[in-house]
Amino acid sequence: PLPPRVYFETVEQAPVAISITDDKADILYVNAAFEQLTGYDRDQVIGRNQSILSNNATPSSIYQQLWRTIQSKNTWTGILVNRTRDGGDYLAELIISPVLDAGGRIRFFLGMHRDVTREH
Ligand code: FAD
């Protein structure tokens, strides 16, 4: 097996915005690409909910479907309009998946997203 540091550095340096949250989407970790894309330093987002990225215009039915999917231990993929710290909107292609403990309960969520604004 690789040393734990390698797994950390791989996530930290991945070219896609990555966050690890608790089971309520409160942020525990973000990688460097997340800071770069969203404009938030990690100190500003850790402990806050992922909803800080919401543009506040997405219908709540979309979020309900997202939560239904991930709470039933499935992966949700979709596109949301996110807002950076500066207030700029961008299209985020997201993948959100649960991280289970040994007993099969949801412990964390993994969020990965990239800016697909230019591709639309
Ligand atoms: P709210 O009014 O708080 O929620 C809208 C609806 O979502 C509610 O009616 C409810 O049905 C559902 N909901 C919200 N929170 C919960 C909960 N804890 N449990 C069950 N149902 C709930 N959102 C983004 O906009 N952009 C992102 O990039 C993004 N990334 C995420 C990454 C991860 C790993 C996770 C787990 C979530 C992410 N979310 C993201 C979703 C985010 O946490 C919020 O649920 C969403 O932004 C809506 O928040 P709100 O305060 O605007 O709306």
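Which strands does H4 lie across, and at about what angle does H4 run to E3? The views below, all taken from a predicted model, start with that one.

**View 1. Helix H4 on the strands.** Here H4 lies across E3, E4 and E5. Its direction makes an angle of about 140 degrees with E3.

**View 2. The open sheet.** Pull back to the strands and you'll find five of them in an open sheet, with antiparallel pairing. Reading across, the order is E2-E1-E5-E4-E3. E2 and E3 sit at the edges with a single partner strand each, so one side of each has no neighbour in the sheet. On average, neighbouring strands are turned by 30 degrees against each other, direction ignored.

**View 3. The hairpin of E3 and E4.** Now zoom in on strand E3 (residues 76-83) and strand E4 (residues 89-100), an antiparallel pair held over eight bridges. To get your bearings, look for Leu80, which stands opposite Ala92 in E4. Five residues lie between the two strands of this hairpin. Gly87 is the one to check here, with a positive phi near 95 degrees.

**View 4. E4 alongside E5.** On to the next pair: E4 and E5 also run antiparallel, and nine bridges join them. A handy landmark is Ile95, which stands opposite Met112 in E5.

**View 5. Around the ligand.** What surrounds the ligand is a set of 21 residues, and Ala25, Ser51, Ser54, Tyr63 and Gly111 come nearest. Strand E1 (17-21), helix H4 (60-71), E3, E4 and strand E5 (106-115) are the elements that each give two or more residues to this shell. H4 gives the most, with four residues. Sorted by class, the shell has nine nonpolar residues, eleven polar ones and one charged one.

**View 6. The largest nonpolar core.** Eight residues make up this core: Ala17, Ile27, Val30, Phe34, Leu37, Tyr40, Val45 and Met112. Strand E2 (27-30) and helix H2 (32-38) each supply at least two of them. Why might such residues gather like this? In soluble globular proteins, nonpolar side chains tend to be buried together.

**View 7. Ala17 and what it touches.** Last stop is one member of that core, Ala17. Leaving out residues up to four places away in sequence, Ala17 touches Asn31, Ala33, Phe34, Leu37, Thr38, Met112, His113 and Arg114. Phe34, Leu37 and Met112, which are among these contacts, also belong to the largest nonpolar core.

Note on methods. Residues are numbered from 1 along each chain as its sequence is written. This is a predicted model: local features need pLDDT of at least 70, side-chain atom pairs count only at pLDDT 80 or more; totals for chains, interfaces and linings use all residues. Two strands pair if DSSP finds at least two bridges between them. A residue is near a molecule or strand if its C-beta atom, placed from the backbone, lies within 6 Å of it. Ala, Val, Leu, Ile, Met, Phe, Trp, Tyr, Cys and Pro count as nonpolar, Asp, Glu, Lys and Arg as charged, and the others, Gly among them, as polar. A nonpolar core is a set of buried Ala, Val, Leu, Ile, Met, Phe, Trp, Tyr and Cys residues joined through C-beta atoms within 7 Å. A residue is buried if 20 or more other C-beta atoms lie within 10 Å of its own, exposed if 12 or fewer, and partly exposed in between; C-beta atoms are placed from the backbone. Two residues are in contact if their C-beta atoms, placed from the backbone, lie within 7 Å. Axes are lines fitted to C-alpha atoms, for helices over the stretch in contact, and angles run from 0 to 180 degrees between N-to-C directions.
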